[in-house]
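Me: Could you take me through this one? I should like to begin with how far it can be trusted.
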Amino acid sequence: MTLAFVVQRYGLDISGGAELHCRWVAEHMAKYGPVEVLTTCAHDYITWADHYPAGTEVINGVLVRRFPVSKSRDIYAFSRLQARVLQDEHRLEDELAWLDEEGPTSPGLMAYIRDHEADYAHFLFFSYRYYQSYWGVRSVPAKSILVPTAEHDPVIHMRIFKDLFRRPKAFIYNSEEERDMIQALSGNREIPGLVVGVGTELPAACSAERFRRTHGLDGPYVLYLGRIDGNKGCAHLFDYFLQFKRDTGSPVKLVLIGSAVLPIPAHPDIRHLGFLPEQDKFDALAGAELLVMPSFYESLSMVTLEAWALGKAVLANAHCEVLRGQCRRSNGGLYYRTYAEFRDALDLLLATPRLRAELGRNGAAYFRGRYTWDIIERKYLDVLAGAGA
Amino acid sequence: MTPERPRAEMPMDKPEPAVKDILDAIEVDYEHVDVADLMAQIEKAAAPAPEPGASASPPAPPAPPAEHGRAPAPPAPAPAPAEGKVKLQDRATRLLSPFFPIMRLIGLPLHQEIRATQASLHATNVRIDRDVTAIDLRLDEARRDLNKTHEYVKLLHNLSHNLIMVATSQKIEIDMLKSKVRVLEKELDYLQKRERALEEKALR
């Protein structure tokens, strides 16, 4: 019987973490049986405005059914509601109103899930915090598997989610830390769940030289990959990096790849290259001394796994329990809480190539042992078998 | 990739011995790299220095002021001056050497004043650092207390909300039961009347 992947957005040009995660898993699971994706017509995660036409299309061999979004997000109303539910005493109705505003509100998608429950073996819902997961899991609890992709952000403490986490038939977690957090919040230990994560698509070959030549880069550099955003810890990264340069006089550069929603300090050793194709991203990783991951909230950092896949050491923000846990489990990276720790860890890593190489080797072994696609696929099959597929 | 470079050769515009000392103190077992162990060392090294009096080995006090009648340590020589400039300096030093005792005599109080001010500033800095750390700790505690109180208030709010809900539903049920009783009373009256009427009819 068909396996349904339910996600807020879906498309080749959508690079959001959970959406890409869903697409990769759906494409890989299509090897084992029919797979469909149930999603909305949205492309923009801020407004959820309809962008793709409603109806069906096939993307990389997977049938995608799109349903229109009934209302675009009013960002001001959303901000007011969010402030209310996170800071003030409020009722359950306020949280449900927040969820409606969070979107993407698609009654057509919900009606389809309800009406066609019998046509699907299981529904895999990606990202707990969106409309389709909350109402979808409630519509078909006996067939639902939730992939929460949860971070330690404040919305997870809302009452509606405590209830949500007690409903699915099974869970697929991204990390041990995510599982522990959700189990502690909702007390859902009796619901089966497996820590799986996601694999990554590595290019056949990477060329650091090509990257340096294309972008006119010389000398050592540390790399940041991802959206350049305050939420991702980039403001701290800039402060720490500039202070590090002042304190140590190191010639190292900071190379940033990703779209920027935060002003980037004008400094000759901070280079922002914008959004680059996948091949360039891996070339950049191949040439970097290490990857720096300053994010405070991650459910599973895919770029960290990509760095390890290429045998690169990582310097991560220890405030993010997932990143810290991954560094410790893999022995593939160092982490920092304060500027002093950032300075010492980065200085140690830059000064000792052997340590970087060892950390990179450990990271690569960790990646091969847990995140190659055959392992991920087998774990998904185990969860489906356990859930009665 | 950058070539392997010994740590001491890392180019630094502004050498910071503290950073280098810290890094030299970190021991890495390259055969079995253990991140937890490395991080424990880094965290220990990066932790702020203990306050004077708080530890058995307080930080070194500022250098003592120069003794009376003795010249303070000569300033460090300028980096790689030109040969002519050195000669000129030597000649000026020789020319001025008879006046050195007088210059020292004039300069000493000023020098002592500067050293005393430096010592005072250092002590103030240390005190401020200690106070800031203490305030941070207290702030953390207060924040934790506040969070606890916030959670408690939330619980109370939920509790009172639930109590109001229960009380309201009870009140509605009581009203409903009262109206049912009234209906039943009326029904009873009607049945009694009917009973009487039927009895009369039957007796007739």
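**Confidence and helix packing**

Reply: Over residues 51–81 of chain B, pLDDT (the predictor's confidence in each residue, from 0 to 100) stays under 50. The model has 19 contacts beyond four places in sequence for residues 51–81 of chain B, a contact being two residues whose C-beta atoms, placed from the backbone, lie within 7 Å. This is a predicted model, in which local features need pLDDT of at least 70, side-chain atom pairs count only at pLDDT 80 or more, and totals for chains, interfaces and linings use all residues. Residues are numbered from 1 along each chain as its sequence is written, with chains lettered from A and ligands numbered from 1 in the order in which they are written.

Me: What is the mean pLDDT of chain B?
Reply: The mean is 75, and 71% of the residues of chain B reach 70 or more.

Me: And what ipTM does the predictor give the complex?
Reply: The ipTM is 0.74, with a pTM of 0.65.

Me: Turning to chain A, at what angle do α4(A) and α5(A) cross?
Reply: Helix α4 (residues 107–115) of chain A and helix α5 (residues 131–139) of chain A cross at roughly 20°, where helices are DSSP runs of H or I with at least four residues, numbered from the N terminus. Their axes, lines fitted to C-alpha atoms over the stretch in contact with angles from 0 to 180 degrees between N-to-C directions, come within 10 Å.

Me: Which residues of α4(A) meet α5(A)?
Reply: Leu109(A), Met110(A), Ile113(A) and Arg114(A) do, facing residues of α5(A) that include Trp135(A) and Gly136(A).

Terms used. Helix = DSSP H or I, 4+ residues; strand = E, 2+ residues; numbered from the N terminus.
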